[in-house]
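Open the model in your viewer and keep the sequence panel visible. We will go stop by stop, with a selection to make at each.

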Amino acid sequence: MINRKINIAVIGLGQVGNYLLNELNTKKKDIEIKTGKKIHIVGISAKNKNKKRRFKINKSIFFKNPLEIIKSKKVDVLFEVIGQSDGISKKIVETALKNKIHVVTPNKALISKHGDYLSNLAEKNKVNLEFEASVAGGIPILRTIKEGLATNKLNKVYGILNGTCNYILSEMEKTKQNFSIVLNKAQSLGYAEPGNPKLDLNGYDAFAKIRILSSLAFNKKISKKKSLMEGIENIDYKDIEIASQLNFRIKLLGITEIINGKLFERVHPALVKKDTYIGNVNGVMNAVIVEGKPIGESVLQGEGAGPGATSSALMSDLLSILRGNIKYPFGLPGIKRKKPICYNERNSSNSLYLRLEVKDKPGVLSEITKLLANNRISIQRVIQIPDNKKRSASIIIITHKAVEHRSQNLIKSLKKNNNVIKKPVLVRLF
Ligand SMILES: NC(=O)c1ccc[n+]([C@@H]2O[C@H](COP(=O)([O-])OP(=O)(O)OC[C@H]3O[C@@H](n4cnc5c(N)ncnc54)[C@H](OP(=O)(O)O)[C@@H]3O)[C@@H](O)[C@H]2O)c1
C-alpha cells in the first residue's frame with residue numbers, strides 16, 4: 001500500500017462498529033504518526049440511519065446498502081462489523097476482497113465457517129483479511145501465534161474463551177445463586193445477549209474461536225468436524241458448591257490439541273483445581289494458554305469482549321495493514337495448509353465428576369456402582385448427601401480416568417434407571 005491517504009468504510013454501527021468509528025475519528029493523528037498514512041472515512045452503513053447511537057455519526061456518508069459504498073467510492077480498507085456467518089456479512093467481505101480491498105472483521109461466525117475460502121480470495125487478490133478481534137476480544141492471541149511464536153511447534157492451545165460463561169460461573173460461586181438468576185443479571189449488565197444468549201451458553205461461540213485457533217496454531221485448514229461441544233446450561237449452584245468443597249472450580253474451557261498427529265477440538269465445562277492459573281481467571285476475563293516448543297507454556301489474559309477491547313484488536317489489524325507487514329491471513333500460503341485429520345473424541349479419556357439425584361433407599365448406591373463397573377469406570381471418591389424431607393439423596397462420584405464412549409454409555413444407562421430421578425450431571429476434570 002503506497003498511497004499516503006487511506007479510504008476506510010465501516011459496515012455495522014452496533015456496539016462494536018459505533019465504538020470503532022469513534023476510535024478511528026479520534027485517533028487519526030496517532031495513526032498517521034505511527035504509520036505515515038492519513039485515514040479518511042468515506043462510507044458507513046447500518047440497518048437504520050436514524051437509530052440513536054452511543055457516538056454521533058456523520059449522516060452525509062451513511063449508505064443504506066453497504067455494497068453501494070464499494071461501487072461508488074474508492075475504498076482501501078473495509079471493516080465488516082455486522083456479525084452474520086453468511087448473508088450480507090459474507091457478501092460484503094467477498095465483494096470487498098474481489099475488489100482488492102483489505103478487510104478487517106471481528107466476526108468469528110464468518111471466519112470459522114468461511115475462513116478458508118475468504119483467505120484464499122484475499123491471497124488471490126493480494127489484499128489482507130484480518131480477524132484478530134474474532135478470538136478473545138482484546139487479547140492479541142492470533143498475532144502472537146502468527147508472529148511472536150511463528151517458528152514454534154505448538155501442540156496445545158486452551159483457555160477461557162467466553163466471557164459471558166465465565167462471568168456466570170464466577171458470579172454463581174460468589175453469590176451462591178442459581179444459573180437462571182445470574183443469567184438475568186448478566187443480561188441486565190450487558191454481558192449476555194438480552195434476546196438469545198444460547199450461542200454463548202451452549203459452547204458454540206467458544207467452539208468457533210477454537211476452530212480459528214486450531215487452524216492458526218497447527219497450520220491446518222479449518223476443521224469441519226462437529227466434535228465435543230457442551231455448554232454451561234446444566235450446571236447448578238449445587239455443583240459449584242460441591243466442586244469448591246473438593247478444591248475445584250467449574251470453568252467452560254475450549255481446548256485444541258494434537259494427539260498422535262490428529263486434531264482434537266473440544267469445548268465443555270471442566271473441573272479445574274483452585275490453585276491453577278486457569279482456576280483463577282474470573283468474571284468476564286478470558287485467558288489463552290499456548291504450549292509448544294521451544295516456548296514451553298505461554299499465557300495471555302485480558303478482556304475477551306466488549307466494544308473497547310474488540311475495537312482495540314480491530315485497530316491493531318488496521319495498523320498492521322497500514323504498515324504492510326502481514327501477508328497470509330492464516331500465517332502461511334493457503335496451499336500449504338492441509339485438511340486436518342481429526343481425532344475420534346469417543347476414544348479420549350477424562351476423570352469425571354458425576355452428580356446423581358436418586359431415591360434414598362437401600363441398594364441404590366450399589367446399583368449405581370455396578371453400572372460404573374459394567375462400563376469399566378473405577379471410582380476414586382463418593383460423597384452422599386441425603387435430603388430427608390424429599391426422601392432423596394445426591395450422590396457425587398469422582399472417577400479415575402474413563403474412556404469417553406464408556407462415560408456416554410454410563411450416562412445412558414443412568415438415565416434409564418428408575419432410582420435416578422433427575423438428569424445426571426457429568427463434568428470432566430481437566
Ligand atoms: N459485542 C462484543 O463485545 C463483541 C466482541 C467480540 C466480537 N464481536 C463481534 O463483532 C461483530 C458485531 O457485534 P456487535 O455486538 O457490535 O453487534 P450489534 O450490536 O448487533 O451490531 C450489528 C450492526 O450491524 C448492523 N446491520 C445489521 N444488518 C445490516 C445490513 N444488512 N447492512 C448494514 N448493517 C447491518 C446493525 O444495524 P443497526 O444498528 O441499524 O441495527 C448494527 O449496527 C460480531 O461479529 C460479533 O461477533 C462482538
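Start at the ligand and select α1: this helix gives the most to the surrounding shell, with 3 residues. Helices (H or I, at least four residues) and strands (E, at least two) are DSSP runs, numbered from the N terminus. Two notes before moving on. Residues are numbered from 1 along each chain as its sequence is written. The model is predicted: local features need pLDDT of at least 70, side-chain atom pairs count only at pLDDT 80 or more, and totals for chains, interfaces and linings use all residues.

**Stop 1: the ligand shell**

Select the 26 residues around the ligand. A residue belongs here if its C-beta atom, placed from the backbone, lies within 6 Å of the molecule. G14, V16, A46, K47 and G83 come nearest. Now color by type. The shell divides into 12 nonpolar, 11 polar and 3 charged residues. Here Ala, Val, Leu, Ile, Met, Phe, Trp, Tyr, Cys and Pro count as nonpolar, Asp, Glu, Lys and Arg as charged, and the others, Gly among them, as polar. Then highlight 15–26 (α1) and 307–323 (α12); each supplies at least two shell residues.

**Stop 2: helix α12**

Stay on α12. The helix has 17 residues and reaches 24 Å from its first C-alpha to its last. That is close to the 24 Å expected at 1.5 Å a residue, where the expected span is 1.5 Å times one less than the number of residues. Is α12 enclosed or open? 12 of its 17 residues are buried, so α12 is largely enclosed by the rest of the structure. Buried means 20 or more other C-beta atoms within 10 Å of the residue's own, with C-beta atoms placed from the backbone. Pick out the buried ones, including P307, D317 and L322. Step on to G324, which follows α12 and has a positive phi, near 70 degrees.

**Stop 3: strand β9 and its neighbors**

Select 248–259, strand β9: 9 of its 12 residues are buried. Add β7 (153–160), which runs antiparallel to β9 and is joined to it by 4 bridges. Strands pair if DSSP finds at least two bridges between them. Find V157, whose bridge partner in β9 is T256. Next add β10 (262–273), also antiparallel to β9, with 12 bridges. L252 has P269 as its bridge partner in β10. At the hairpin of β9 and β10, 2 residues lie between the strands, and N260 takes a positive phi near 45 degrees.

**Stop 4: zoom out**

Show the whole protein chain: 14 helices and 18 strands. Its C-alpha atoms fill a box of roughly 80 × 45 × 35 Å along the principal axes. Buried residues make up 45% of the 430.
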